[in-house]
Amino acid sequence: MTSDDIFENCTHRFPIEHVYKNCTNTTNQCELIQNLYSARMVFHWLNLYLSTFCFVVSAILNIYCLFTTVYIFHNLSDEIRKHYVFVLSRFLSSIFAVVSLLTMEKVLYLETSPVSFTFYAIGFSVYNFSMDSLLLSYIMISLITYFGVVHPGFYRNNITLRSLYITLGFIWIGSLSIAIPLSLYQSAINAPGPIECDLHYCAKVVEWITFSFVCLALSLTILLTAFVLVSLYWYHFKAKKNGIEIPKVTARARIRLTWTFFALIVFSIVELFPEGIVIVSDQYDLNTCESFYAADKLLVQTIVNSLETFMGSVVFMADPIMNIFFDKNISQTVKLQLTWIKKKLSMSPPKK
């Protein structure tokens, strides 16, 4: 009786063999699975060493900024609170994104047994929801900044705190509505479950839908942010030309929005370039037979994907730092906290 295990005569066995059990068009399966497993391990460990530190630091910074902003929020007037509704949402979305990435990376890179459909469904849902809500928060922050600076009358009379809360609720509901169905099919690609999604047709459709949606969302966000940024600089130029004094808060808003625009460009490079390569060429997908047959040529992909993850982690880490330095209220609160800590340390009795 012929065994279905094509790796049964291999000296070394690997936990990823079940993924390639149907890749039978080779007589060199033992060497190929070893090469592929080595490429995976290089990718995994590079990601762990390069990005985990940045992800942990960014999670700590975003949590710190979230609690600091919540404290500030309760001590502000409703008029100023309007600016911070989506700043809080952005911190929260970043925390969800970073924690979901950290959890999925740790489990996928260090777990020896196959990961369940439920794990993928929860992980992808949290990540997709957080990224969708993050992009929409960027859009709302840009719009609020635009109306607050360029059309202050409209901002005071028509944009209320209640309307922003309602908008935030719609953003979260919309993000969940998009994230959950897409995440279920992404999970079906990676693990068996209640939904079947074959690698040759369904997976490609899901990849194209995901890629198209990300392209559209990032393009709209970047274009809108660019429009607001140009408008702010033009407003500053006209005011300076007419001898009108510009408040410092406007300059800070321009700096924060410039960073936001830069962060969106980095996000676009990180999200779209590697994903485009995966869709165009199957050999860059580690879970296909084509990649198995070309396992000795996957080292370049491991380095590219590792750098992609590292760049994304740096953006998540830098975002709260920019708010600490260029948001007046957050910056002042951080300085007060540091002064209090310094005072407490100076008052502590010296050790004998």
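Student: How is the segment at residues 164-188 to be read, and what share of the chain there is helix and what share strand?

Tutor: One takes the helix and strand content first, then the end-to-end span. In this predicted model, residues 164-188 are 100% helix and 0% strand, with the end C-alpha atoms 36 Å apart. Residues 85-104 are likewise 100% helix and 0% strand, and the C-alpha atoms at the ends of that stretch are 29 Å apart.

Student: Where does UniProt place the feature "transmembrane region"?

Tutor: Such an annotation comes from the record, not from the coordinates. The unreviewed UniProt entry gives this feature at residues 48-73, 85-104, 135-155, 164-188, 208-235 and 255-273.

Student: How many helices and how many strands does the chain contain?

Tutor: The chain has ten helices and zero strands. Read from the N terminus, the order of elements is α-α-α-α-α-α-α-α-α-α.

Student: What percentage of the residues of the chain count as buried?

Tutor: Of the 352 residues, 47% count as buried. A further view comes from the contact separations: among contacts with a separation of 6 or more, 77% join residues 24 or more positions apart.

Student: How many residues has the largest nonpolar core, and which have the most contacts inside it?

Tutor: A core is read by its members and by the elements that supply them. The largest one here has 24 residues, and Val85, Phe86, Phe91, Leu164 and Ile330 have the most contacts inside it. At least two residues of this core come from each of helix H1 (29-74), helix H2 (78-110), helix H3 (117-150), helix H5 (161-190) and helix H10 (328-347). H2 gives the most, with seven residues. A second, separate core of 23 residues includes Ala59, Ala97, Val98 and Leu264.

Student: With which residues is Val85 in contact, leaving aside its neighbours within four places in sequence?

Tutor: Apart from those neighbours, Val85 is in contact with Phe73, Leu161, Leu164, Tyr165 and Leu168.

Student: Is Lys82 buried or exposed?

Tutor: The test is relative accessibility, with buried meaning under 20%. Lys82 has 2% relative accessibility, and therefore counts as buried. This residue is in helix H2.

Student: Which backbone oxygen lies 2.7 Å from a polar atom of the Lys82 side chain?

Tutor: That oxygen belongs to Ile159. Beyond neighbours within four places in sequence, the contacts of Lys82 are Ile144, Tyr155, Arg156, Ile159, Thr160, Leu161 and Leu164.

Student: Where is Thr160 found, to take one of these partners?

Tutor: Thr160 is in the loop between helix H4 (152-158) and H5. Its relative accessibility is 36%, so Thr160 counts as partly exposed. Thr160 and Lys82 are 78 residues apart along the chain, while their C-alpha atoms are separated by 7.2 Å.

Student: How many cavities of 30 Å³ or more does the structure hold, and which residues line the largest cavity?

Tutor: A cavity is read by its volume and its lining. The structure holds two cavities of 30 Å³ or more, and the largest contains about 80 Å³ of space. Its lining consists of His83, Val87, Arg90, Ile141, Thr145, Ala253, Arg256, Leu257, Thr260, Asn323 and Asp327.

Student: Which helices each supply at least two residues of that lining?

Tutor: They are H2, H3 and helix H7 (248-280). H7 gives the most to the lining of the largest cavity, with four residues.

Key
Residues numbered from 1 in each chain as written. Predicted model: local features only at pLDDT ≥ 70, side-chain atom pairs only at ≥ 80, totals over all residues. Heavy atoms only, no water. Core = buried A, V, L, I, M, F, W, Y, C linked by side-chain atoms within 4.5 Å. Buried < 20%, exposed > 50% of the residue type's maximum accessible area, 1.4 Å probe, protein only. Contact = heavy atoms within 4.5 Å. Polar contact = N/O pair within 3.5 Å; in protein donor to acceptor, adjacent residues only side chain to side chain. UniProt positions renumbered as here; feature names shortened; annotations may be inferred. 1 Å grid on protein atoms, 1.4 Å probe; cavity = no way out; pocket = protein on both sides within 12 Å on 5 of 7 lines; lining within 4 Å. Points joined across faces, edges and corners; volume = space filled by probe spheres on them.
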